[in-house]
Amino acid sequence: MARKLSRRVFVKGSVLTAAALTIPSTITRNVLGANDELRAAVVGVNSRGGAHIDGLGRQSGVTVAGICDADVNVLNRTVKNVESKFKKECKGEQDIRKLLDDPSFNIISIATPNHWHSLMAIWAMQAGKDVYCEKPVSHNVWEGRQAVKAARKYKKICQTGTQSRSSRRGIGEAVKFVQDGELGKILYAVGTCYKPRQGIGKLDKPLVIPDHIDYDLWCGPAEKRDLFRPKLHYDWHWDYNTGSGDIGNQGIHQMDIARWFLGEQALSPRIMSIGGRLGYDDAGDTPNTQVAFHAYEKAPLIFEVRGLPKEGLDWKKGMDSYRGSGVGVIVQCEGGHVVIPNYYSASAVDKDGKTIKGWREGDPMTAHVGNFVDCVRSRKREDLNADIEEGHLSSALCHTGNIAHRLGTKMTADQIKDYVKGSPEYTDSYERMADHLGKNGIDIKGKTMTLGPWLEMDGKAETFKNNAAASKLLTREYRKGYEVPDIDRIA
């Protein structure tokens, strides 16, 4: 049994605790037998963590034996449900460091808000655990790379929660079809995240955080600040302090699929963004409407976010779709295109609009977790379908798109149109976005939308060129006791 420390001692001793964790355990370094039990703990269980519990619980030889959440009410309820479902004792802790101090756990599965992902993953790997980490794997580019370095340094298995990567007979076969040149050269890829996002409201005085939530712990690496939205949970997505907007929430899945087709293994050399938070006034600061452009040399990757409905701000009328993709990807080639409308299927369409081939595989979530567990047993990270580095690269594309937006200036529609006219693909995305906003009654003739600058990047070094403001946003100021470590500086 791990030693029990009070929450007060843990919070005050967080720097010392984090330092102690830089010496990883060896409890999971040996190859495990097929019948050896793996004990898993799931961290962050108010939303996505439920899928982690189910996915791990369905794996042979895996026991969900630990639950962690900063919200005690959520924690206690989930522990009770897990014990009822699996008929086994489950340990509940409010602070992840108490779980990491327990040598009986092999796996830490992370489904917290984004701002905790990298630090928790690194702490867990330093403590000798293998990690399943939800997307995006980071809150910024630098910390995501530190998570990759930690996985390599401590020789841990770290899977990213982009489960479409385990659709091997579905999307994977479509990727092979395109990369084998069956439709000719790739011209561009467009990821779409057209998902309804209504306003989150706004308070005129700070939200009162209930006593059952340890707000200091909940904030962790992020700035601890007053909130002026009515709800703490989930709506953190639309606050840059803790989230990444919809490009890094839902859109990371589609960004990852698009990059998979393009075969790119580095960040894009040039990035820009157009967008805004339009149609309502609320406490969010991330765009609900955005086009991010990643100018890869071989073919551009364009990403479109639309949180408003088809027209009239009428949510009953549903969402837009682009060539069969609502929340999906279009890969345009010389001889036709491929549409990926979900997490598990794809269709190839020729230049005449005829479907010539299709691929489909069942919901890949179970297979994705199974792939992770198999690699935990074999210790072969090369067999992971979504190794932490794949997750880092796709997450970082979302972050750099957001950086371009955050450094932007509000411009008129004519100014923006003139700025993008050199690129037919970007012009098309912008004009369709402008039409979409017009149908919702949003006047963009004045300085309504934000136009981000073109950012130049060394994609391999993951640094911006000659832009101090952009470079600053590659990382963040971490709160004392919650600093993401520079892995290269650890002996």
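This is a walk through the fold of one protein, followed by the pockets and cavities within it. Keep in mind that the model is predicted.

Let us start with the whole. The protein contains 16 helices and 18 strands. Its radius of gyration is 22 Å, close to the 23 Å that the globule rule gives for 491 residues, so the protein is as compact as a globular protein of that length. If you lay the C-alpha trace along its principal axes, the spans come out at about 65 × 55 × 45 Å.

A good place to zoom in is the open sheet built from 6 strands. Reading across, the strand order is 3-2-1-4-5-6, and the pairing is parallel. At the edges sit strand 3 (91-93) and strand 6 (158-160), each of which pairs on one side only. From one strand to the next, the twist averages 20°.

Within this sheet, have a look at strand 1 (residues 38-43) and strand 2 (residues 62-68). These two run parallel and are joined by 6 bridges. To find your way along the pair, you can use Leu-38, whose bridge partner in strand 2 is Val-62. Strand 2 also has a helix for company: helix 4 (residues 72-86) lies across strand 2 and strand 3, and runs at about 165° to strand 2.

Now for the empty space. Rolling a probe the size of a water molecule over the atoms shows where such space is left. We can take the open pockets before turning to the cavities.

The largest pocket holds about 620 Å³ of space. Its lining is made up of 37 residues, and those that lie nearest the centre are Ser-47, Ala-111, Thr-112, Pro-113 and Trp-236. Which helices each supply at least two residues of this lining? They are helix 6 (117-126) and helix 9 (215-219). By class, the lining of the largest pocket has 15 nonpolar, 15 polar and 7 charged residues.

The second largest pocket offers about 430 Å³. Here 19 residues form the lining, with His-139, Arg-406, Leu-473, Thr-475 and Arg-476 nearest the centre. Helix 13 (residues 388-406) gives the largest share of this lining, namely 4 residues. As for the chemistry of the second largest pocket, its lining divides into 3 nonpolar, 8 polar and 8 charged residues.

Finally, we come to the cavities, of which the structure holds 2 of 30 Å³ or more. The largest cavity has a volume of about 50 Å³. To locate it in the model, select its lining: Arg-197, Gln-198, Trp-238, Asp-246, Arg-277, Tyr-280, Thr-286, Pro-287, Asn-288 and Val-305. The residues around the largest cavity comprise 4 nonpolar, 3 polar and 3 charged ones.

The second largest cavity has a volume of about 30 Å³. Its walls are formed by Tyr-215, Trp-218, Cys-219, Glu-223, Arg-225, Leu-227, Arg-229, Asp-239, Asn-241 and Thr-242. How does this lining divide by class, and how many of its residues are charged? The lining of the second largest cavity has 4 nonpolar, 2 polar and 4 charged residues.

Notes:
Residues numbered from 1 in each chain as written. Predicted model: local features only at pLDDT ≥ 70, side-chain atom pairs only at ≥ 80, totals over all residues. Heavy atoms only, no water. 1 Å grid on protein atoms, 1.4 Å probe; cavity = no way out; pocket = protein on both sides within 12 Å on 5 of 7 lines; lining within 4 Å. Points joined across faces, edges and corners; volume = space filled by probe spheres on them. Nonpolar A, V, L, I, M, F, W, Y, C, P; charged D, E, K, R; others polar. Pairing = 2+ DSSP bridges. Axes fitted to C-alpha atoms, helices over the stretch in contact; angles between N-to-C directions. Contact = heavy atoms within 4.5 Å. Rg over C-alpha atoms; globule rule 2.2 N^0.38 Å.
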